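Here is a short report on one protein model. Look over the sequence and the structure first, then read on.

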Amino acid sequence: MDLTFIGIDPETTGGGSPTVWVDEATADLLLQGEEADELLKVQIGETEWVAGHDLGIPGHETVIRIPARMVPILREACDVAERRAGLR
């Protein structure tokens, strides 16, 4: 799988760091971040965010937290993904 590195948390100090990539083949965004705490996952999993949609977080998915300071990096990733997918 070929990935395009977009950016890393600008306040990283060398440990695990929120990071964003774009998959060159599918234009999917790949995000590394801190896994949400159990209380937040329960709140998200027990709320009907879309009428008629299943509740809960499927076992093959998780909720991650990306710092707000990374919004510009996410915007750049979205732009790269849109171009790769031929959406603009």
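## I6 and its neighbours

I6 is found in strand 1. This is a predicted model, and every value here is computed from it. Is I6 buried or exposed? Its relative accessible area is 11%. The cut-off for buried is under 20%, so I6 counts as buried.

What does I6 touch, leaving aside residues up to four places away in sequence? The list is V20, W21, V22, I73, E76, A77 and V80. Take V22 from that list. I6 and V22 sit 16 residues apart in sequence. In space, their C-alpha atoms are 7.2 Å apart.

## The three-stranded sheet

Three strands make up an open sheet. Their order is 1-2-3, and the pairing is antiparallel. Strand 1 (3-8) and strand 3 are the edge strands, as each pairs on one side only. From one strand to the next, the twist averages 20°.

Now the pairing of strand 2 with strand 3. Strand 2 covers residues 19-23. It pairs with strand 3 in the antiparallel sense, over four bridges. Within this part of the sheet, W21 stands opposite L30 in strand 3. W21 is also among the residues that I6 touches.

## L29 and a nonpolar surface patch

Strand 3 spans residues 29-32, and L29 lies in it. How accessible is L29? Its relative accessibility is 34%. Partly exposed is the class between the 20% and 50% cut-offs, so L29 counts as partly exposed.

L29 also belongs to a nonpolar patch on the surface. Its partners there are L31 and I64. Together, the three residues have about 210 Å² of accessible area.

## The whole protein

How many helices and strands does the protein have? There are two helices and five strands. Along the sequence they follow the pattern β-β-β-β-α-β-α. The C-alpha trace spans about 35 × 35 × 25 Å along its principal axes.

The protein has 88 residues, and 24% of them count as buried. I6 is one of the buried residues. The accessible surface comes to about 6300 Å². Carbon and sulfur atoms hold 53% of that surface.

Contacts can also be sorted by sequence separation. Take the contacts with a separation of 6 or more. Residues 24 or more positions apart account for 49% of them.

Note on methods. Residues are numbered from 1 along each chain as its sequence is written. This is a predicted model: local features need pLDDT of at least 70, side-chain atom pairs count only at pLDDT 80 or more; totals for chains, interfaces and linings use all residues. Side-chain values use heavy atoms; hydrogens and water are left out. Patches are made of residues with over 30% relative accessible area and no salt bridge: like charges are joined within 9 Å, nonpolar side chains (Val, Leu, Ile, Met, Phe, Trp, Tyr) within 5 Å. Accessible areas come from the Shrake-Rupley method with a 1.4 Å probe; for residues, only the protein chains shown count as cover. A salt bridge is a side-chain nitrogen of Lys or Arg within 4 Å of a carboxyl oxygen of Asp or Glu. Buried means under 20% relative accessible area, exposed over 50%, partly exposed in between (1.4 Å probe, protein chains only). Two strands pair if DSSP finds at least two bridges between them. Axes are lines fitted to C-alpha atoms, for helices over the stretch in contact, and angles run from 0 to 180 degrees between N-to-C directions. Contact means heavy atoms within 4.5 Å.
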